[in-house]
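Visitor: I'd like a close look at just one part of this model, the salt bridges. Could you walk me through them?

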Amino acid sequence: MVEVWSPNAQGSYGSTFLRGAYTSASGGVAEFQTIFPGHTSDSANHINLMIHTSSTMTGAVSHVGQVFFTDRWTDVVGMYGVYAQNTNARMLNSQDPNYATAGRGGYNAIVDIESIHDDWPEGVVGYITVGVNPSRRVTV
């Protein structure tokens, strides 16, 4: 099971929004829909992930991490709508130690973004592959 959480457009976390858990298909693929997260002042723009080894959130955890967005996409999205109301100081990917950790060993923690119909205000679709060792155990 993949547990995800992220801040809203203004960069605020909440216990009742933008949180979810998704079971993976037989091939290990999990898909979810969410908004482009707003940036917080204490880290680069990201979505949090926790991978559970069973189909429940009470199972052991094999991975805790973050997936990130390019600074340019965060800049572009941040100019529009409710995102423009985000008053948090901005941390770039290069300034975030968690981003550096996520990219160690040749891994790429950046979500690949494509705009819908070549007109991003209509929306974007993001893709990323996260490889996880299911026998690894992480203490949370």
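Which side chain meets that of Asp-71 in a salt bridge?

Guide: Bear in mind that this is a predicted model. The partner you're after is Arg-90, with an N to O distance of 3.4 Å. Asp-71 sits in helix H1, which covers residues 71–77, while Arg-90 belongs to the loop between H1 and helix H2 (97–102), so this contact ties together parts that lie 19 residues apart in sequence. As for how open the two ends are, Asp-71 is partly exposed, at a relative accessible area of 21%, a value that falls just on that side because buried means under 20%. Arg-90 is partly exposed too, with 26%.

Arg-90 has another salt bridge to show you: its side chain also meets that of Asp-75, this time at 2.5 Å, N to O. Asp-75 is again a residue of helix H1, and Arg-90 is in the loop between H1 and H2, so here the tied parts are 15 residues apart in sequence. Asp-75 comes out as partly exposed, its relative accessible area being 35%.

Put the pieces together and you get a network of salt bridges that links Asp-71, Asp-75 and Arg-90. The count for the model is two salt bridges, so with a rule of a Lys or Arg side-chain nitrogen within 4 Å of an Asp or Glu carboxyl oxygen, you've now seen the pair at 3.4 Å and the pair at 2.5 Å.

Technical notes
Residues numbered from 1 in each chain as written. Predicted model: local features only at pLDDT ≥ 70, side-chain atom pairs only at ≥ 80, totals over all residues. Heavy atoms only, no water. Helix = DSSP H or I, 4+ residues; strand = E, 2+ residues; numbered from the N terminus. Buried < 20%, exposed > 50% of the residue type's maximum accessible area, 1.4 Å probe, protein only.
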